[in-house]
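Trainee: Could we walk through this structure together before I go back to the bench? I'd like to start with the overall picture and then move to the details.

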Amino acid sequence: MDPLLVSNLLLWIVVAALSVTVLALARQVGVLHERVAPLGAMTTPTAIEIGDPAPTFDLLDLEGRKVHLGGRRADGRGTLLLFVSPVCPMCKKLMGAVRSFARSERKAVELVLVGDGEREAHRAMAREHGVQDLPFVVSPIVGLQLGIGKLPHAVLIDAEGKVRAKGIVNSREHLESLLVAHETGFASMQDYLLGTPRGRPNGAAAAPPTQQEESRA
């Protein structure tokens, strides 16, 4: 046989085999994508658990503005406390997401940064990452009473002053997952995947998440 014809025949056989392999891999990727659900902020045990009233604090932020934490809010918004530190590399990486998140979700929650330690170090951190316009309080008592250990850590308090979601966060998606968890009646995205809502009266099931909520998750 003509060597050119043989080489073309072998080439087409190889191309056909590769095509079958790619299709098989694409199918497996699709199956894996369905089985591996996205996870939100990792919930950890703390002194204050989901559904507990949050302690109240009256503090001054780095700019001297009065900040009230906990208790009922007249504007109907929640409060998202984000515990950060100037010596935490992941906290610094999260600051860009914090700015955009605070702007896009300002109608639903007020984001308050909370630190512990030297005020000047926190002020420099705020200037470096452009979050001076956000409330930023430096008070060890807040973290102590909420039992915060690992950073960055977020705690969502609803308009009635109760803790509704919490967890370790390292991305904007994790921050948004706390809002989704609260909106769907679950303490965390992990609880949502397990089908164990908290805080629903008489064990009522939570409504399924909307398309917008699913995109947040």
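Trainee: What share of the contacts with a separation of 6 or more is between residues 24 or more positions apart in the protein chain?
Mentor: Keeping in mind that this is a predicted model, residues 24 or more positions apart account for 65% of the contacts in the protein chain that have a separation of 6 or more.

Trainee: And how many helices and strands does the protein chain have?
Mentor: The protein chain has seven helices and seven strands, and when you read along the sequence they follow the pattern α-β-β-β-α-β-α-β-α-β-β-α-α-α.

Trainee: How much of the chain is made up of buried residues?
Mentor: Of the 217 residues in the protein chain, 42% are buried. As for the outside, the accessible surface comes to about 12,300 Å², and 60% of that surface belongs to carbon and sulfur atoms.

Trainee: Changing topic to charges, how many salt bridges does the structure hold?
Mentor: There are nine salt bridges in the structure. As general background, side chains of opposite charge can pair when their charged atoms come close.

Trainee: Which residue does Glu110 meet in a salt bridge?
Mentor: Glu110 pairs with Arg73 through their side chains, with a distance of 2.8 Å from N to O. This pair links distant parts of the chain, since Glu110 sits in strand 4 while Arg73 sits in the loop between strand 2 (66-69) and strand 3 (78-83), and the two are 37 residues apart.

Trainee: Is Arg73 buried or exposed?
Mentor: Arg73 is buried, because its relative accessible area is 17% and the cut-off for buried is under 20%. Its partner Glu110, with a relative accessible area of 22%, is partly exposed.

Trainee: Which residues are linked with Arg73 in a network of salt bridges?
Mentor: The network links Arg73 with Asp75, Arg77 and Glu110. Within this network, Asp75 forms a salt bridge with Arg77, their closest N and O atoms being 3.1 Å apart, and Asp75 counts as partly exposed at 43% relative accessibility.

Trainee: What about Arg172, which side chain does it meet in a salt bridge?
Mentor: The side chain of Arg172 meets that of Glu176, at 2.8 Å from N to O. Both belong to helix 5 (residues 172-183), and because they are four residues apart there, about one helical turn separates them. Arg172 counts as partly exposed at 23% relative accessibility, whereas Glu176 counts as buried at 10%.

Trainee: On to the surface, then: which residues form the positive patch?
Mentor: The positive surface patch is formed by Arg99, Arg103, Arg106 and Lys107. One of these, Arg106, has its place in the loop between helix 2 (89-104) and strand 4 (109-115).

Trainee: And which residues make the nonpolar surface patch?
Mentor: Val6, Leu9, Leu10 and Ile13 make a nonpolar surface patch of about 350 Å². Val6 lies in helix 1 (residues 3-35) and counts as partly exposed, at 31% relative accessibility.

Trainee: One last thing about the backbone: where is a cis peptide bond?
Mentor: A cis peptide bond joins Leu151 and Pro152, with omega at about -5°. To find the spot in the model, look for Pro152 in the loop between helix 4 (140-146) and strand 6 (153-157).

Methods
Residues numbered from 1 in each chain as written. Predicted model: local features only at pLDDT ≥ 70, side-chain atom pairs only at ≥ 80, totals over all residues. Heavy atoms only, no water. Patch = residues over 30% accessible without salt bridge, like charges linked within 9 Å, V, L, I, M, F, W, Y side chains within 5 Å. Areas by Shrake-Rupley, 256 points an atom, 1.4 Å probe, with all protein chains shown as cover. Salt bridge = Lys/Arg side-chain N within 4 Å of Asp/Glu carboxyl O. Lys, Arg positive; Asp, Glu negative; His and termini not counted. Charge placed at Lys NZ, Arg CZ, Asp CG, Glu CD. Buried < 20%, exposed > 50% of the residue type's maximum accessible area, 1.4 Å probe, protein only. Contact = heavy atoms within 4.5 Å.
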